[in-house]
Amino acid sequence: MDGQDDILFETLEGGIRRVTFNRPQARNAFTFNMYERLGAFCAEVAGDKSVRAIILTGAGDKAFASGTDINQFRAFKTPEDAIQYEERIGRIVQALEQCPKPIIAAIAGACTGGGGAIAACCDLRIGASNAKFGFPIARTLGNILSMGAFSRLVALVGPSKVKEMIFTARLIEADEAQRIGLLHEVVPEVADLPERALALARTVAANAPLTIRATKEAIGRLRPQISSEEGRDLILMCYMSRDFREGMDAFLNKRKPEWTGE
């Protein structure tokens, strides 16, 4: 199994492309290969004038994407492993954010960790009524978001709400997510989400592509740009800690972690 079925790419009518994260058995958790293929897709469609809108979604109704597959962290041993991981994810998410095509996230179920980071850099986000958004890392692994992810989240919901989400490790329900700006729209029935996402994509695809591209670029320029070196000390503090190893072991063995702050 080469993982090619873990992320699916479809061409729909009207210049719409749909990308499905296809690991429902793992709540659509991302492997490194999935991240790379998503980045390659963004590069592929960037200059393709026939592509007018993109939909990102998760297979099944349990999750949009639940973050990076924990097994990908098992090989972490050196500071370089942590830095390279964050730089890789940062590069892929930035490619998604800077793709000139309008991107719609259609979210059912859990949208957490890296899945939340991906959704946050999409242009429009619609969710089913069972959508749950959050970054429960303070309860699970004891790691940290990238500076880029923090910047996007703060731009969406403000610094106080970002702190509350991460400090409490709670998942935000769909109605609250819409109220604070994480979701633009909530679809009552999960089964209706694909068609509503497609209808929204059709609306966007029918409008002037240069206006949409320029608007996306203009708003992107307003957000402060953060260098790849920024926050490395925080990344190393978390990923090289005993608590991170404890968090991984506890997660994989389905027990509650015992944090020491070391």
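## Starting in the six-stranded sheet

Let's jump in at one pair of residues: Gly-127 has Val-186 as its bridge partner, and Val-186 sits in strand 10. Keep in mind as you look around that this is a predicted model. The pair belongs to the contact between strand 7 and strand 10, which run parallel and are joined by three bridges. Strand 7 (124-128) also pairs with strand 5: those two run parallel as well, with four bridges between them. Here you can pick out Ala-106, whose bridge partner in strand 7 is Ile-126. How many of the five residues of strand 7 are buried? Four of them are, so the strand is mostly covered.

Now zoom out. These strands are part of an open sheet of six, in the order 1-2-3-5-7-10, and the pairing is mixed. At the edges you find strand 1 (7-11) and strand 10 (185-187), each of which pairs on one side only. On average, neighbouring strands of this sheet are turned by 20° against each other, ignoring direction. Over at strand 1, the pairing changes character: strand 1 and strand 2 (residues 16-21) are antiparallel, with five bridges. One pair to look for is Phe-9 with its bridge partner Val-19 in strand 2. As background, strands of a sheet pair through backbone hydrogen bonds, either parallel or antiparallel.

## Helices on the sheet

Two helices to look at next are helix 1 and helix 7. Helix 1 (residues 32-46) packs on the sheet and touches strand 1, strand 2 and strand 3 (53-58). Its direction makes about 175° with that of strand 2. Helix 7 (residues 193-205) lies across strand 2, strand 3, strand 5 (103-107), strand 7 and strand 10. Compared with strand 7, helix 7 runs at about 160°.

## The nonpolar cores

Which residues touch the most other members of the largest nonpolar core? They are Phe-21, Leu-56 and Phe-64, in a core of 61 residues. Another core, of 17 residues, lies apart from it, and its members include Ile-16, Ala-53, Ala-108 and Val-187. This fits a broad pattern: in soluble globular proteins, nonpolar side chains tend to be buried together.

## Helices packing on helices

Helix 1 also has a helix partner. It packs with helix 2 (residues 79-98) at an angle of about 35°, and the two axes are 8 Å apart. Their crossing is left-handed. On the helix 1 side, the contact involves Phe-32, Tyr-35, Glu-36, Leu-38, Gly-39 and Cys-42. On the helix 2 side, you'll see Tyr-85, Arg-88, Ile-89, Arg-91, Ile-92, Ala-95 and Leu-96. Sorted by class, that gives nine nonpolar, one polar and three charged residues.

Helix 4 (residues 147-157) and helix 5 (residues 159-168) make another pair, with an angle of about 115° and axes 7 Å apart. Phe-150, Leu-153, Val-154 and Val-157 of helix 4 meet Pro-159, Lys-161, Val-162 and Ile-166 of helix 5. The mix here is seven nonpolar residues, no polar ones and one charged.

## A buried arginine

Stay in helix 4 and find Arg-152. Why does Arg-152 count as buried? Its relative accessible area is 9%, and the cut-off for buried is under 20%. Leaving out residues up to four places away in sequence, Arg-152 touches Val-93, Gln-94, Glu-97, Cys-121 and Arg-223.

## Toward the later helices

Ser-227 lies in the loop between helix 8 (209-222) and helix 9. With a relative accessible area of 40%, Ser-227 is partly exposed. Although Ser-227 and Gly-148 are 79 residues apart in sequence, their C-alpha atoms are 8.9 Å apart in space.

In helix 10 (residues 242-252), the buried residues are Asp-243, Phe-244, Glu-246, Gly-247, Met-248 and Ala-250. Their cover includes helix 9 (232-239). Just after helix 10, Lys-254 takes a positive phi of about 55°.

## The second sheet

There is also an open sheet of four strands, in the order 4-6-8-9, again with mixed pairing. Strand 4 (63-65) and strand 9 (172-173) stand at its edges with a single partner strand each, so one side of each has no neighbour in the sheet. Strand 9 runs antiparallel to strand 8 (residues 132-134), and two bridges join them. To spot this pairing, look for Phe-133 opposite Ile-172 in strand 9.

Key: Residues are numbered from 1 along each chain as its sequence is written. This is a predicted model: local features need pLDDT of at least 70, side-chain atom pairs count only at pLDDT 80 or more; totals for chains, interfaces and linings use all residues. Side-chain values use heavy atoms; hydrogens and water are left out. Two strands pair if DSSP finds at least two bridges between them. Axes are lines fitted to C-alpha atoms, for helices over the stretch in contact, and angles run from 0 to 180 degrees between N-to-C directions. Contact means heavy atoms within 4.5 Å. A nonpolar core is a set of buried Ala, Val, Leu, Ile, Met, Phe, Trp, Tyr and Cys residues joined through side-chain atoms within 4.5 Å. Buried means under 20% relative accessible area, exposed over 50%, partly exposed in between (1.4 Å probe, protein chains only). A crossing is left-handed if the near helix is turned anticlockwise from the far one by less than a right angle, and right-handed if clockwise. Ala, Val, Leu, Ile, Met, Phe, Trp, Tyr, Cys and Pro count as nonpolar, Asp, Glu, Lys and Arg as charged, and the others, Gly among them, as polar.
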